[in-house]
Amino acid sequence: DGVDQTELETVAYTVEAGIAWVSFNRPDKRNCMSPRLNRQMMRVLDALEHRADVGVLVLTGEGTAWSAGMDLKEYFRETEAQGLAGTRGAQRESYGWWRRLRWYQKPTIAMVNGWCFGGGYGPLFACDLAFAAEEAQFGLSEINWGILPGGGAAKVATELTNFRNAMYHSLMGENVDGRKAAEWGFVNEALPLAQLKDRVTQVANILLTKNPVALKATKDAIRRVREMTYDNAEDYLIRAQEAANSFDNEGRKEGIKQFIDDKTYKPGLGAYDK
Ligand code: ACO
């Protein structure tokens, strides 16, 4: 469709046993996000979202970085040179795929193998779950080159960790490693890099056993209710479940049956047999 090969190569992916492994693929540039990468990532997300053989999406990085944030040359300097339209266009492309990922049809996991800076916090938060290498480094380095943590990064920091941590992290421009990132709530867990992929595969495989309609309804519910009053949340959840029922008339009934009638499993201890 007229897109050149180098642009297509900014993102790599494979689908294996229900899991889409998607990688930032500019290892020589520490996977920083250029407009080309942002456009390609949107295409890849589009192509994978409703594929029947994809149940979980994992976002990781080739080489030593997860993502070194926005590309200071191609995303900032070169688009600024095109004036406001250039800047706004580049923002639409990056924010666009992060938003798409926040509300993705399938559950998503950030597998943070290395550097994660600035704009990288957008896709980090967009993923439903996150696992990091202990060796990974997280930083809001914006302050180190003279801007505020934009593109959602300040919001992500305050959503994921407490006020004092978020303030220190963004004012000081000091990195935290994977362990500290887990302690702060940036990620679910930190593990030695050598164990990271096995753990993520294990988590993805558990997600693959769950009812897919329930997974989508649940991930959206957790994101939505954070900004609601209790009563609004209660109402939203009733309506969201009733809407989910129209997509899944049999699954949850089967789940009840296998427990109550067949006695073949216990929901408190695992998922029903799909
Ligand atoms: N933008 C543009 N180019 C980048 C970026 C970036 N964010 N990150 C790395 N690169 C490029 C380097 O310029 C270098 O290019 P070159 O080989 O053509 O000279 C190449 O990637 C490799 O980078 P090195 O710095 O040599 O790699 P090293 O492994 O020594 O260091 C590190 C990695 C710490 C990630 C370093 O590259 C760095 O500090 N990058 C910037 C991180 C950052 O602050 N990102 C912006 C956050 S703010 C925001 O996103 C809005």
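Start by selecting helix H2 and helix H4, and look at where they touch: Pro35, Asn38, Arg39, Met41, Met42, Leu45, Asp46 and Glu49 in H2 meet Glu93, Ser94, Gly96, Trp97, Arg100 and Leu101 in H4. Contact here means heavy atoms within 4.5 Å. Colour that patch by class and you get 6 nonpolar, 3 polar and 5 charged residues. The classes go like this: Ala, Val, Leu, Ile, Met, Phe, Trp, Tyr, Cys and Pro are nonpolar, Asp, Glu, Lys and Arg are charged, and the others, Gly among them, are polar.

A quick note before moving on: you are looking at a predicted model, where local features need pLDDT of at least 70, side-chain atom pairs need pLDDT 80 or more, and totals for chains, interfaces and linings use all residues. Residues are numbered from 1 along each chain as its sequence is written, and side-chain values use heavy atoms, with hydrogens and water left out.

Now show the whole of H2 (residues 35–49) and H4 (residues 84–102): their axes come within 8 Å and cross at roughly 25 degrees. Axes are lines fitted to C-alpha atoms, for helices over the stretch in contact, and angles run from 0 to 180 degrees between N-to-C directions. Helices (H or I, at least four residues) and strands (E, at least two) are DSSP runs, numbered from the N terminus. H2 and H4 are therefore roughly parallel to each other, a label for angles under 35 degrees.

Keep H2 and add helix H3 (residues 72–80). This pair packs at an angle of about 115 degrees, with axes 8 Å apart. Pick out Pro35, Arg36 and Asn38 on H2, then Glu74, Tyr75 and Thr79 on H3, to see the contact.

Zoom in on Arg36, which lies in H2. Is Arg36 buried or exposed? Arg36 is partly exposed, with a relative accessible area of 24%; buried is under 20%, exposed over 50%, and partly exposed in between (1.4 Å probe, protein chains only). Beyond its neighbours within four places in sequence, Arg36 touches Asp4, Thr6, Glu7, Thr10 and Glu74. Try the C-alpha atoms of Arg36 and Thr6: they are 8.9 Å apart, with these positions 30 residues apart along the chain.

Last stop, the sheet. Four strands form an open sheet in the order E4-E6-E8-E9, with mixed pairing; strands pair if DSSP finds at least two bridges between them. E4 (65–67) and E9 (176–177) are the edges, each with a single partner strand, so one side of each lacks a neighbour in the sheet. Finish on Gln137, whose bridge partner in E9 is Asp177.

Technical notes. Angles under 35 degrees count as roughly parallel, over 145 as roughly antiparallel, 65 to 115 as roughly perpendicular and the rest as oblique.
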